[in-house]
Each structure stands twice: as structure tokens, then as C-alpha cells.
Amino acid sequence: MIRITSKLPRVGTTIFTTMSALAAEVGAINLSQGFPDYDCPPELTDLVNKAMKDGHNQYAPMAGLMSLREEISKKFEKLYGAHYNQDTEITVTAGGTQAIFTAICTAIQPNDEVIVFEPAYDSYAPAIKLMGGVVKSLELSPPDYSIPWDMVRRLISNRTRMIILNSPQNPTATILQQNDIDELISIVTNQDIMILSDEVYEHLIFDNQTHHSMARYEELRKRSFIVASFGKLFHTTGWKVGYCVAPAILMQEFRKVHQFLVFSVNSPMQYAIAEYLKDENTYLELAGFFQQKRDHFRSGMAQTRFELLPCAGSYFQSVTYGNISDEKDVEMAMRITREFGVASIPTSEFYTRGTDHHVLRFCFAKKQETLDNAVNKLMKI
């Protein structure tokens, strides 16, 4: 027999796959996995078709198409006053998750400690463990999921190598505030600590609030890998195109890993996105677009028995159901999918210890009729 020792023995099928499969099996409305049910802008697909017909179907440069890196550089300069050199500080990746994995692989050595705020996107901890790192989880609690910075200070040791941040945050829909930035700066100043900042929802911030990108702050920028996603930006999650920006000294090492992981990212999409980004309204108008969806969904959900948690960014709305049932959240999510026809994500799956606050996460990046149909079903609970 062939034997293999698992490097991730406690990892099974992700909850996203499980809930999407269950939704398909029972014919439920899928508000679980984070992807739109509407098309991306036709201008963008037209640009992809043009790039294909123009012959841009071979390998792109390892770091990404130069015209795309130039547009990314302009975007950071315009929005955050931060200059990233397109030659040495920007790399196009096969989606945000690949950029996250590559940054962790680049930075983390065996026994290095990484601080992760939970509930957290489920790719962080496995990547850290694969590199032999140690996950130092700090659990946050509803309704506001605020970061207790005094506890962060207690977690810092001489082995702390990285802090992972995600704003807007998946699944909590919270965002970093100025006081969080001030605390973070005070903690990392004069420390050999890197930051991995997952900013894939950077343009999905509501109520005229500010996105506190690590790029805005010199002390944070000089130690940060910043990850973003065109899939989230342009409703094209299936294209798997993202990017990472970082100071040259970090990006040099990032590219060493990147070139042996995927080498390069599909060419036609890069040509199309580079052209499409020239109109800044393509991303500046996203906040209003998704805020309308958030407000519409929240208005409907207010008529159900669920209790809405705050939603400052991303395209997720979390709810508590403590006044409906005392079931575990995984059981509740599956029962609602089977009996009422709406799939969600139980947020205990975002905690290493499976902490259950009786919170479910719904994705509202859907057509209005999809959201209305889902609310009508949920009103029957």
C-alpha cells in the first residue's frame, strides 16, 4: 500500500463547498458562498474577447502584464498617496487566495508565530501550518467584533513574525477604524513583525467611511504585503485574478515563491482588466452599488425573526438567531437550507476552536429578485 502522512490532518471539505453542494442538492437559494449571481460588465468580457482575438493567449510576464501593474500603481497613488513601483513592488496573482498563500510561504519559517483574528477567512491557518508556523488565534465576539489591542500586546513574543488583518472583514463585515491603526502602529514600531493585509473588499465600504489601507501609513506600508482581488472588484470570482503589493525587499522574496507556484496568470484577462481600470469609476462606484444591495437586504431581513449585526463593508450580512433556536450554527444552517430553501454559512467554521455564537453569514451579492425570494422564505421561520 502507498501511505501518505497528511500535512493538514484535521482539514476536511470546506464549509463553503458543503453548503453550496447542499443548496444545489435541495434546490435552495445559495446565499452561502461569496459570489454574485449576475454577470460582470459586458464591456469587460468584450475586452477579454478582443485580447484573445488579438493573439494575447500565451504566457504573461511572471510578475504580471506591465500595463496592468502600471494601472495598479496609479490606483494606489490616487487613493492612498502611496507609490508602488510597477517593476519591483507589484505582482499579479491567480486570485487573492494565491497571493495570501504566497505571502505566508514567503515570510513564515518553522516555529514563527502569526497572530490571526477570528472569525477568519479559512485559508490563513492552513497556510501557516503548512509552513511550520504557529497560529496564535485571538477570538473576537459579536456584535461589534472589536479588536482588544491589550490582548494583542500579550500575544506578542520574540517569535511573532506576522499579523494578519482583513478589512473589510470576512465574515464579520467590520472595518478597521483609525484607533485600530494607531494601536497597530504602536505595537509594530521597532519590531521585526510583518503584516499581511487582506484588502480584497477595499472598495466595498459603506456609509462614507474610510478604508484604512496599510498603504496609507508609512510605518505599516514598509512591512506589509497587501492583497487585493479583481474577482471581488468586477464580479468575476471565477477568473481568479488578484494581486499583491509590497516593498521591493519583500516582493523580491514573494516572486521567488510565486514563480514556482503558478509562474504567471492568464493573459487575456490581464489585458482586459488593464484597459478597464483606466476608468476609475469602475471601482469607485462599487460602494454605492453594494450599499444599495445591503440596505435592501437588511430592510427585508428586518421583517424576519433574525437579529441583524452591523455591516460596514464587504458583501456579507451576519445575523444571530438566539431568539429562534438553541441549535448549533452548523445544524441551524443545514436545517434552514433543507426546510426553508436558503443556504448560509455558520460562522463557527471561521474559528479554530469552533466557537459558536449562533451567528449565520449571508451573501447579498445577488440580484434583487434573488434577495427578495430568500427573504420571503426566511420570513417563514
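Begin by selecting helix α3 in this predicted model, where Leu68, Arg69, Glu71, Ile72, Ser73, Lys75, Phe76 and Tyr80 are buried. With α3, residues 66-80, still selected, compare its length with what a helix should give: at 1.5 Å a residue its 15 residues should span 21 Å, and because the end C-alpha atoms are 21 Å apart, the two values agree. Step just past the end of α3 to glycine 81, which follows the helix and has a positive phi, near 65°.

Next, add helix α11, residues 267-276, to the selection, and you will see that its axis and that of α3 come within 8 Å and cross at roughly 35°, in a left-handed crossing. To view the contact itself, show Ser67, Leu68 and Glu71 on the α3 side together with Gln270, Ile273 and Ala274 on the α11 side; these residues divide into 3 nonpolar, 2 polar and 1 charged.

Now move along the chain to the open sheet, in which 4 strands are arranged in the order β9-β10-β13-β12 with antiparallel pairing. Select β9 (307-308) and β12 (345-346) to find the edges, where each has a single partner strand, so that one side of each is left without a neighbour in the sheet. From β12, turn to β13, residues 359-363, which runs antiparallel to β12 and is joined to it by 2 bridges; at proline 346, the bridge partner to pick out in β13 is leucine 360. Finally, select helix α13, residues 286-301, which packs on the sheet and touches β9, β10 (316-320) and β13, with its direction making about 20° with that of β10.

Methods: Residues numbered from 1 in each chain as written. Predicted model: local features only at pLDDT ≥ 70, side-chain atom pairs only at ≥ 80, totals over all residues. Heavy atoms only, no water. Pairing = 2+ DSSP bridges. Contact = heavy atoms within 4.5 Å. Axes fitted to C-alpha atoms, helices over the stretch in contact; angles between N-to-C directions. Left-handed = near helix turned anticlockwise from the far one by under 90°. Nonpolar A, V, L, I, M, F, W, Y, C, P; charged D, E, K, R; others polar. Expected span 1.5 Å × (residues − 1). Buried < 20%, exposed > 50% of the residue type's maximum accessible area, 1.4 Å probe, protein only.
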